[in-house]
Amino acid sequence: MKINALIYCGILMVCMGCKSYTTKYPYSLEDFRPELRGYLEKMIINNGFTEETKTYLANKPSVKELRKILRCEHPVLRVSSFYILCNEKDGYNANEDLLYALDDTTIINNNQIDYSLADKFIAISRYKTTIPKDSFISLIINKYQYLQSFYYIYTQDTKNKNQYYKQLQNTLLNTPKLLEFNKSDLAYELSLFKRIEDTTFIKNILDYNPYWSKEYRKKFFLIEKSPSPNYYGVLEQHLKILKTYNDKKVLQYEYISNQSLSLSFENYISALAAYKTQKSADIIKIILKEKLYPANFQKADEMYGYKPFYDIYSSLSKYNCPKYDGLIKIIKHKALAFKSKYVLESSPLLINDNIMPETNYW
C-alpha cells in the first residue's frame with residue numbers, strides 16, 4: 001500500500017508539472033526561444049513597445065511566431081503582436097485572429113479610458129480583414145453588445161438602425177461596464193426612435209448619469225431632437241439651478257469658469273424652443289428679464305455682449321411659432337446687430353459642430 005501511494009504521488013507530481021493547454025491563451029514566456037523571450041520581457045516591463053522592441057518584432061520573428069504570441073497569457077504581448085501583424089506583415093489576413101479575440105474582455109487603459117483587448121483588436125484590424133462590413137456589423141451588434149465597439153459601430157457604421165432597436169434598448173437597460181462612458185450617447189440614439197415607452201428610462205439617464213454631470217450640451221441636444229413631454233422637467237430643473245444664483249455676478253463667474261455651462265446656453269434655448277409652447281416662451285422670458293444668460297465678457301466691444309440675444313433669436317426663429325413672436329420682437333434689434341458684426345459666412349459661429357463624438361473604426 002505504501003509503495004502504491006508513493007507511485008500515485010509521483011504520477012500526480014508529474015501531472016502537476018506538465019503544462020495544461022486547455023486555456024484559450026496557454027503560452028507563457030518560457031514557450032518562446034530565448035532571444036525573442038528577452039524582447040517580450042522588455043515589452044511586459046514597459047507595458048508596450050519601445051522603439052527597440054517594436055523594430056525587433058517588426059523584423060525578426062516570423063508570422064508563425066507572432067501568431068503564437070497572440071495565444072500568450074500576457075495581454076500586452078497579444079495586442080502588440082497583433083499590431084505588428086496588421087501593420088508590418090504584408091499579406092497577413094486578420095480574419096481568424098480577430099474573430100478568435102472578440103470575447104477577450106481583458107481590460108487595458110488608454111488615455112484614461114478602459115478598453116477591452118477585443119476592442120483594440122477591432123480598431124487595429126479595420127483595414128486588414130476581408131470580413132464583409134455588414135456581416136461584421138451584424139456580428140458585433142447581435143453578439144458582442146458588451147464591447148465598446150458596439151457603440152462606435154452602431155453610431156457610425158450602421159445604415160439601417162431600425163433593425164437593431166431591440167439590441168440598443170437591451171444594451172441600455174443592462175449597460176455593461178465598458179459602455180458606461182458612452183451611456184449618454186447611446187441614450188441619444190435610443191431617443192431618436194421616439195418611442196414613448198423609452199422616455200422615462202432615458203429621462204433617468206438625463207437626470208442621474210454621472211458622465212453627463214458636466215456635459216449639458218449633449219443633454220439639451222438630445223431633448224431638442226426628441227422633445228418628449230417627459231424630458232421637460234430636465235429643462236425646468238436647469239432653470240432652477242440658474243435661479244439659485246441670487247447674485248448675478250456669481251452666476252456670470254460660473255459661466256466664465258464652467259465652459260460646459262456657458263457653451264450649453266444656445267443648446268438649452270434650442271431645447272426649450274423645440275417644444276413650441278407658451279411654457280417655453282415664459283421660461284425664455286424669465287431668462288431675459290432676470291439676466292440668467294452668459295454676459296460674454298471676453299471682448300471689450302459692448303456689442304459682443306449681444307450674443308445671447310442672437311442665440312435666443314436664432315433658436316426662436318428656427319422653431320418659429322406665434323407664441324414666440326413677442327420675444328422675437330423684443331430681442332431682434334440686438335440680435336441682428338450682433339449678426340451683422342460677428343456672424344459671417346466663414347465665421348466659426350456658424351459651424352454646427354457635432355456634439356456627439358465621432359470615432360470611426362472603419
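No disulfides are present in the structure, the count being 0, and this holds for a model that is predicted. Two cysteines can nevertheless be placed with respect to the surface. Cys72 has a relative accessibility of 0% and therefore counts as buried, the cut-off being under 20%. Cys321, at 9% relative accessibility, lies under that cut-off too and so is likewise classed as buried.

The protein chain comprises 362 residues, of which 47% count as buried, and its secondary structure consists of 20 helices and 2 strands. Among the contacts in the chain with a separation of 6 or more, 66% are accounted for by residues 24 or more positions apart. The area exposed by the protein chain amounts to about 19900 Å², and 53% of this area is supplied by carbon and sulfur atoms.

In the interior, the largest nonpolar core contains 103 residues, and within this core Tyr268 and Ile287 are the residues with the most contacts. When residues up to four places away in sequence are not counted, Tyr268 touches Phe220, Leu235, His238, Leu239, Leu242 and Ile283, and also Ile287, the residue that is named beside Tyr268 for its contacts inside the core.

Attention then turns to the open spaces of the model. The second largest pocket holds about 360 Å³ of space, and its lining is made up of 14 residues, with Asn47, Val76, Val79, Ile108 and Lys120 lying nearest its centre. Two or more residues of this lining are given by each of the elements α5 (75-88), β1 (107-110) and α7 (117-124). Of the elements concerned, α5 provides the largest share of the lining, namely 5 residues.

A further site considered is Lys68, which is found in helix α4, spanning residues 63-69. With a relative accessible area of 28%, Lys68 falls between the limits of 20% for buried and 50% for exposed residues, and is therefore described as partly exposed. Leaving aside neighbours within four places in sequence, the contacts of Lys68 are with Tyr27, Asp31 and Phe32. As for Pro26, this residue and Lys68 are separated by 42 residues in sequence, whereas their C-alpha atoms are 9.8 Å apart in space.

Definitions and conventions:
Residues are numbered from 1 along each chain as its sequence is written. This is a predicted model: local features need pLDDT of at least 70, side-chain atom pairs count only at pLDDT 80 or more; totals for chains, interfaces and linings use all residues. Side-chain values use heavy atoms; hydrogens and water are left out. Helices (H or I, at least four residues) and strands (E, at least two) are DSSP runs, numbered from the N terminus. Buried means under 20% relative accessible area, exposed over 50%, partly exposed in between (1.4 Å probe, protein chains only). Contact means heavy atoms within 4.5 Å. Accessible areas come from the Shrake-Rupley method with a 1.4 Å probe; for residues, only the protein chains shown count as cover. A nonpolar core is a set of buried Ala, Val, Leu, Ile, Met, Phe, Trp, Tyr and Cys residues joined through side-chain atoms within 4.5 Å. A disulfide is a pair of cysteine sulfur atoms within 2.5 Å. On a 1 Å grid over the protein atoms alone, a cavity is a set of points where a 1.4 Å probe fits but cannot get out, and a pocket is an open set with protein on both sides within 12 Å along at least five of seven lines; lining residues have an atom within 4 Å of a point. Grid points are joined across faces, edges and corners, and a volume is the space filled by probe spheres set on the points.
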